[in-house]
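Here are some worked exercises for you to try. Have a go at each task yourself before reading the solution below it.

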Amino acid sequence: MPGLEQKKIVLGVSGSIAAYKSVFLLRLLVKAGADVKVIMTKSATMFVSPLTFATLSKHDVLTDIASEEAWNNHVELGLWADLILIAPATAQTIAKMANGLCDNLLTATVLSAKCPIMVSPAMDLDMWHHPSTQRNIEQLITDGVRFIPVGHGELASGLVGDGRLEEPENILEYCKAFFEGENSPLAGKKVLITLGPTVEKIDAVRYISNHSTGKMGAAIIVALINRGAEVTAICGPIDANIILPPEVNVLPVLSADDMYARSIEVYKKGVDIAIFAAAVADYKVQNTSEQKIKKTDDNLSIELTPNPDIAFELGKIKSTKTIHLGFALETNDGMDNAKSKLSKKNFDLVALNHPGADTGFKADTNKVTLLGKDSKVDDIPKSSKKVIAEYIIRRLESFFQ
Ligand code: C5P
């Protein structure tokens, strides 16, 4: 399991019950070739013994800024590391980091670090959704800290919700993607991506839309940013919980017409890759009303007229050097429909979604088949949208190698 040879990683472990997962994470990092030094906060040592981490990392585990015998040089540690990875990052550690506090070895090392920092939070759902935690996370993202989204599921409290530590295997993927980003062929590439639903006005207060949350598009954006791409996102009204990385140029739109106009504008300035992840409404209302339509006892008919097909229109003016990736959500004859979309819309790659109970629009997981115009097919197992984004990005990279 190579991928992190000669990489020096400080693994910060703070005091969450999820600290036991960091033991697995450490093993994966070491197996992948990384040299890992572990810093634990005091409360983390109550969950897992430092001896476990010391044995697996083959380094002393550091917990204190100073002891009777020694002073642990946090500045040196910060300079030694190629990456500081904090997993699990508790609400407390995140709050300290967001405010520049440095009352323990881990936060002091973070404050003196010159290398990138990645946090993988873990906490109970109410702590996670608390406005102060969300504010702190936003602050850290603004400060350039890379953030691994939390998972959804059963929590230590017995409650079910957001706040689970991402699985160690996925955290490893994020680390690899981060280091690959340093020499990815996507670095510096200009990418246009459409995402989210569109909103088609009916009258002053009503509209037609769909259940798209923008999660898949957002996961692709994070993966692109990690590889150093320059991303412009033409973004319908995505779920309010989705935080896009600060490096993205976000152009918010509502209707398919707006999305089309903005996309053409950006596309004509020159892009290397266009990704069509938006769930664009196929139809808009023919005659919208500026006034609220009054209720009567009669049936009401609304005439719909087709929207522009953004992918199709941009496909017509595409150069051979530009790569287009489209999505297909099909309930039947998936492969045939994906194939016909590939040629009709001039896509180089189609990601075919297989909608199901826990895949598709609102889910955190997805089941996708990638179909290239070279007829190469990749069946991606059901995975989190973040992991699927990594598969998609790797396939996109192959076009530039
Ligand atoms: O034809 P269908 O809607 O299934 O095609 C899906 C693909 O085309 C997606 O990549 C979607 O973003 C894109 N599309 C578009 N403009 C539309 C409809 C779909 O860009 N009006």
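## Exercise 1: The largest cavity

The six residues in question divide by class into 2 nonpolar, 1 polar and 3 charged; they are the lining of the largest cavity. Keep in mind that this is a predicted model.

**Task.** Find which residues line the largest cavity, and work out which helices supply at least two of them each.

**Solution.**
- Step 1: Begin with the space itself, which has a volume of about 30 Å³.
- Step 2: Pick out the lining, made up of Asn170, Glu173, Tyr174, Lys386, Val387 and Glu390.
- Step 3: Match these residues to helices: α8 (168-180) and α13 each supply at least two of the lining residues.
- Step 4: Look at the domains. Domain 1 (8-181) and domain 2 (190-400) each give at least three residues to this lining.

## Exercise 2: Two pockets

**Task.** Describe the lining of the largest pocket, then do likewise for the second largest pocket.

**Solution.**
- Step 1: The largest pocket holds about 1,100 Å³ of space.
- Step 2: Its lining has 43 residues, and Phe147, Pro149, Val150, Asn241 and Lys386 lie nearest the centre.
- Step 3: Sort that lining by class, and you get 21 nonpolar, 9 polar and 13 charged residues.
- Step 4: Ask which element gives the largest share: α9 does, with 7 residues. Among the other elements that supply at least two residues each are α7 (131-142), β7 (160-164) and α13 (385-398).
- Step 5: Check the domains here as well. At least three lining residues come from each of domain 1 (8-181) and domain 2 (190-400).
- Step 6: Now turn to the second largest pocket, with a volume of about 950 Å³. It is lined by 34 residues, and Ala278, Ala279, Val280, Phe327 and Leu329 lie nearest its centre.
- Step 7: Two or more residues of this second lining come from each of α9, α11 (310-316), β16 (323-329) and α12 (334-344). By class, the second lining has 15 nonpolar, 11 polar and 8 charged residues.

## Exercise 3: A residue in a helix

**Task.** Is isoleucine 221 buried or exposed, and which residues does it touch?

**Solution.**
- Step 1: Locate isoleucine 221 in helix α9 (residues 215-226).
- Step 2: Compare its accessibility with the cut-off for buried, which is under 20%. Isoleucine 221 has 0% relative accessibility, so it counts as buried.
- Step 3: List its contacts, leaving out residues up to four places away in sequence: isoleucine 221 touches Ile193, Leu195, Val231, Ala233, Leu244, Pro245 and Val248.
- Step 4: For a view across the model, go to alanine 44, 177 residues away along the chain; the C-alpha atoms of the two residues are 33 Å apart.

## Exercise 4: A strand and its partners

**Task.** Which strands pair with β18, and why is β18 largely enclosed?

**Solution.**
- Step 1: On one side of the pairing list is strand β17 (residues 349-353), which is antiparallel to β18 over 5 bridges. Here valine 350 stands opposite leucine 371 of β18.
- Step 2: Strand β19 (residues 377-384) also pairs with β18 in the antiparallel sense, over 6 bridges. In this pairing, threonine 365 faces serine 384 of β19.
- Step 3: Follow the chain from β18 to β19. The two form a hairpin with 4 residues between them, and serine 375 in the turn has a positive phi of about 70°.
- Step 4: Count the buried residues of β18 (residues 365-372): 6 of the 8 are buried, so the strand is largely enclosed by the rest of the structure.

Technical notes
Residues are numbered from 1 along each chain as its sequence is written. This is a predicted model: local features need pLDDT of at least 70, side-chain atom pairs count only at pLDDT 80 or more; totals for chains, interfaces and linings use all residues. Side-chain values use heavy atoms; hydrogens and water are left out. Buried means under 20% relative accessible area, exposed over 50%, partly exposed in between (1.4 Å probe, protein chains only). Two strands pair if DSSP finds at least two bridges between them. Contact means heavy atoms within 4.5 Å. On a 1 Å grid over the protein atoms alone, a cavity is a set of points where a 1.4 Å probe fits but cannot get out, and a pocket is an open set with protein on both sides within 12 Å along at least five of seven lines; lining residues have an atom within 4 Å of a point. Grid points are joined across faces, edges and corners, and a volume is the space filled by probe spheres set on the points. Ala, Val, Leu, Ile, Met, Phe, Trp, Tyr, Cys and Pro count as nonpolar, Asp, Glu, Lys and Arg as charged, and the others, Gly among them, as polar. Domain bounds come from an automatic or database domain assignment.
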